[in-house]
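Here is a short report on one protein chain. It starts with the whole chain and then turns to selected helices and residues.

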Amino acid sequence: MNKTWWKEAVIYQIYPRSFMDSNGDGIGDLKGVTDRLDYLKYLGIDVIWMSPVYKSPNDDNGYDISDYQDIMEEFGTMADFDELLAKAHEKGIKIVMDLVVNHTSDEHQWFIKSKSSKNNEYRDYYIWREGKADGTPPNNWGSCFGGSAWEYDETTDMYYLHLFSRKQPDLNWDNPEVRSNVFNMMTWWCEKGIDGFRMDVISMISKTAEMPDGKVNGLYGDYGPYCVHGPNVHKYLQEMNEKVLSKYDIMTVGETAGVTTELAKQYAGEDTNELNMVFQFEHVEGDGKYGKWTDEQLPLTRLKSTLSRWQTELYGKAWNSLFWNNHDQPRAVSRFGDDRPQYREVSAKMLATCLHMMQGSPYIYQGEELGMTNYPFHGPEEFRDIESINAYKEWCESGRVPHETFWPCITFKSRDNARTPMQWDDSAQAGFTTGTPWIAVNPNYREINAKAETADPASVFHYYKKLIALRKQNPIMVYGNYELLLEDSEELFAYTRTLEQEKLLVVCNFTDKKTVFTIPAEFVGMPCLISNLDNRYDKQDIALEPYEAFVLRKK
Ligand code: TEU
Ligand code: CA
C-alpha cells in the first residue's frame with residue numbers, strides 16, 4: 001500500500017455559514033475562519049474541507065454557484081480567501097475546496113445565456129428537453145428536494161433538468177466545452193495553491209442519452225439508474241485527472257451517493273487514475289419511513305456489517321473516508337450515540353474511538369469535537385434548509401402524513417441539525433455572532449462550548465485531540481489491517497487492527513447498559529492506548545460501563 005499524506009491526515013469540515021461570524025451580520029464568514037485557525041491547530045487537524053464559499057444566491061446555501069471564481073459576498077472577498085489560505089499554510093493546515101460541478105446556479109452566466117434561445121452557444125451546456133405532447137414534463141423523475149426534476153422555461157418552451165432544486169440546473173458533461181471550462185476553473189484554483197477538492201455528487205455528472213420514466217417511489221420516478229454512476233462518469237474523471245489532478249500534489253474525495261465497494265475501487269482505486277477516496281453513504285442512509293425521513297436507528301449489527309465490508313473490501317485496493325456526520329446529516333452523538341446529559345460525553349468519545357481507530361482518513365464535522373447535539377426544533381418555521389422546508393410541505397402540509405407522525409422523523413434527520421452555529425463560548429449566541437444568527441443557536445451552548453471544553457482536560461474536545469495525536473504516533477491506526485470481532489453482538493462494536501507484529505484491540509459499547517466482554521488471550525495484560533473511562537483492563541472479563549470504549553495495544 002502506498003503511503004501518502006492524505007491517508008495520514010485528519011480532515012475537519014467547516015460549514016462557513018455557521019462557523020464564525022466576524023462582522024456581526026449573523027452569517028459566518030472567511031475572516032471568522034481565519035480568526036479560529038489557532039483553535040483548529042490546537043485540536044491538531046491537518047486539513048480543512050470548506051463547504052462552498054463561491055458566489056451564490058444561496059438557494060441551497062452555496063451549493064448553487066453563480067460564479068466559480070468569485071467569493072460569496074456574505075463570506076467576504078477573494079482577498080479574505082487568499083489571507084485565509086496563506087495563514088492556514090503558515091500553520092501547516094491544508095485547505096480543500098468544495099467543487100460543485102454537477103450543476104450550477106440558474107443565476108450563473110452560462111445558464112442565463114443557455115436559456116435565452118434555442119441556438120445560442122451555451123444552449124448545450126445544460127440538459128434541455130421538449131415536454132410531452134400534453135405539455136407535462138419529459139418524464140416522471142423527481143428532484144432530490146421535492147417536485148419534478150424538470151422545470152419548464154417559457155422563453156423557449158422547453159424543460160431543463162435539475163436533480164436538486166430548480167435553481168440548480170444540471171450541467172451537460174457530454175459537452176466537451178463544459179468539461180474544459182470546469183477543468184480550467186479547477187486549474188485556476190490549484191494555481192492559487194489550494195490543497196484539494198471534495199467533489200459534490202460527482203457520481204451524477206454523466207446521464208444516459210435515453211431518459212425513460214423511473215420506478216415510482218412516493219410521488220415521483222427514480223432517476224438513479226439513468227443519472228447515478230452514468231455511462232461516462234469514469235471516462236470524465238480520468239480526463240479530469242489527466243488534465244488537472246495529476247499535475248498537483250492535492251487530495252480528492254468524491255461524494256458518491258449510491259456507491260458500492262466495487263464501484264469505489266474504480267473511483268478511488270490505488271491503481272486507477274480518478275480520485276483518492278470517496279464518501280460512501282451506506283451507514284447513514286438506511287431505509288426511511290417516508291423517503292429519507294425516519295426516527296429509527298439502524299441495528300448495530302447492520303451498522304457493523306456495512307462498515308466492516310468497506311474496511312475489508314477496500315483494504316490495499318482503495319482508500320476509505322470515515323465519517324459519522326456532515327452538513328447533510330444529523331449530529332453523530334444524537335444519532336449513533338446518546339445525547340441525554342448523563343451519556344452525551346461518554347458516548348461522543350466512544351463514537352470518536354470507534355471511527356478514528358478504523359482504516360481510512362477520518363473527517364470531523366465542526367462541533368462534533370465538542371459533542372454538539374441535534375437541535376430541539378419547536379416548529380417548521382425554524383427550518384432554514386430547502387430540503388426540510390420542501391419535505392414538510394410535500395409530506396405533511398399536503399395531508400399525506402399527520403404532523404405528529406412526521407415531526408419526530410423530520411426533526412431527527414433534518415440537515416439543519418448540523419447547521420446550527422458552532423458553539424464557541426457561553427456568551428450570547430454562543431459567541432458565534434454579535435448580531436442575530438441566520439439560524440437559531442442550540443440552547444445547550446451554555447454547557448456545550450469550545451471555551452469550556454478546551455479548558456477541561458476530560459472534555460470531548462481533549463479526547464479528540466488525543467485521538468488525533470495518537471494517529472501521528474501510531475502508523476497502525478492508518479495502515480493496519482482490520483478484522484471484526486463479535487459480528488452478532490447488538491451491544492458491542494469490537495475489532496482488531498494489525499500491522500506486522502503490532503496489534504490493536506478496539507472495543508466500544510454502543511448501549512446504555514453494562515456489558516461483559518472477554519478480552520482475547522493475546523491482549524490480556526496489554527497496555528491501554530486510550531479509553532473514555534477510568535477503568536482497568538488487566539483482567540480477562542471486563543464489565544463495560546454504558547458507552548465505554550477502550551483500545552489495547554500489543555507489540
Ligand atoms: O449532497 C448530495 C446528496 O446526495 C445528499 O446527501 C443530499 O443533499 C441530501 O442530504 C438529501 O437527503 C450534496 C451536498 O452535500 C448537499 O449539501 C447539496 O444540497 C447537494 O449535494 C446539492 O448540491
Ligand atoms: Ca459575517
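## Overall build

A compact globule of 555 residues would have a radius of gyration near 24 Å, and this chain has 23 Å, so the two agree. The model is predicted. Along the principal axes, the C-alpha atoms fill a box of roughly 75 × 50 × 50 Å.

The chain holds 18 helices and 22 strands. Buried residues account for 61% of the 555. Among contacts with a separation of 6 or more, 71% join residues 24 or more positions apart.

## Surface and charge

About 21,000 Å² of the chain is exposed. Carbon and sulfur atoms supply 47% of that area.

There are 59 positive side chains and 85 negative ones. The centres of the two sets lie 4 Å apart.

## Helix H12

Helix H12 covers residues 344–356. At 1.5 Å a residue, its 13 residues should span 18 Å; the end C-alpha atoms are 18 Å apart, so the expected span is met.

H12 is mostly covered, with 12 of its 13 residues buried. The buried set begins with Arg344 and then takes in Val346, Ser347, Ala348, Lys349, Met350 and Leu351. Ala352, Thr353, Cys354, Leu355 and His356 are buried as well.

## Helix H13

Helix H13 runs over residues 386–397. Its 12 residues should span 16 Å at 1.5 Å a residue, and its end C-alpha atoms are 15 Å apart, which agrees.

Which residues of H13 are buried? They are Ile386, Glu387, Ser388, Ala391, Tyr392, Trp395 and Cys396. In an α-helix there are 3.6 residues a turn, so residues three or four places apart point the same way. Part of the cover over the buried residues of H13 comes from helix H14 (403–413). Just after H13, Gly399 takes a positive phi of about 90°.

## Ser66

Ser66 sits in the loop between strand E3 (54–55) and strand E4 (67–71). Is this loop residue buried or exposed? Its relative accessible area is 15%, so Ser66 is buried, the cut-off being under 20%.

Leaving aside neighbours within four places in sequence, Ser66 is in contact with Lys55, Ser56 and Pro57, among others. Its other contacts are Ser105, Glu107, His108 and Gln109.

## Asp153

Asp153 belongs to strand E7 (residues 150–153). Its relative accessibility is 10%, so Asp153 counts as buried.

Which residues does Asp153 touch, not counting those up to four places away in sequence? Lys115, Trp128, Met158 and Tyr160. Asp153 and Ser116 are 37 residues apart in sequence. Their C-alpha atoms are 9.8 Å apart in space.

## Ile519

Ile519 lies in the loop between strand E19 (515–518) and strand E20 (528–531). With 0% relative accessibility, Ile519 counts as buried.

Not counting residues up to four places away in sequence, Ile519 touches Leu505, Val524, Tyr537 and Lys539, among others. Gln540, Ile542, Phe550 and Leu552 are also touched by Ile519. Ile519 and Asp541 are 22 residues apart in sequence, yet 6.3 Å apart in space, C-alpha to C-alpha.

Methods: Residues are numbered from 1 along each chain as its sequence is written. Chains are lettered from A and ligands numbered from 1 in the order in which they are written. This is a predicted model: local features need pLDDT of at least 70, side-chain atom pairs count only at pLDDT 80 or more; totals for chains, interfaces and linings use all residues. Side-chain values use heavy atoms; hydrogens and water are left out. Helices (H or I, at least four residues) and strands (E, at least two) are DSSP runs, numbered from the N terminus. Buried means under 20% relative accessible area, exposed over 50%, partly exposed in between (1.4 Å probe, protein chains only). Contact means heavy atoms within 4.5 Å. The expected span of a helix is 1.5 Å times one less than its number of residues. The radius of gyration is taken over C-alpha atoms; the globule rule is 2.2 Å times the number of residues to the power 0.38. Accessible areas come from the Shrake-Rupley method with a 1.4 Å probe; for residues, only the protein chains shown count as cover. Lys and Arg count as positive and Asp and Glu as negative; His and the chain ends are not counted. The place of a charge is taken as NZ of Lys, CZ of Arg, CG of Asp or CD of Glu.
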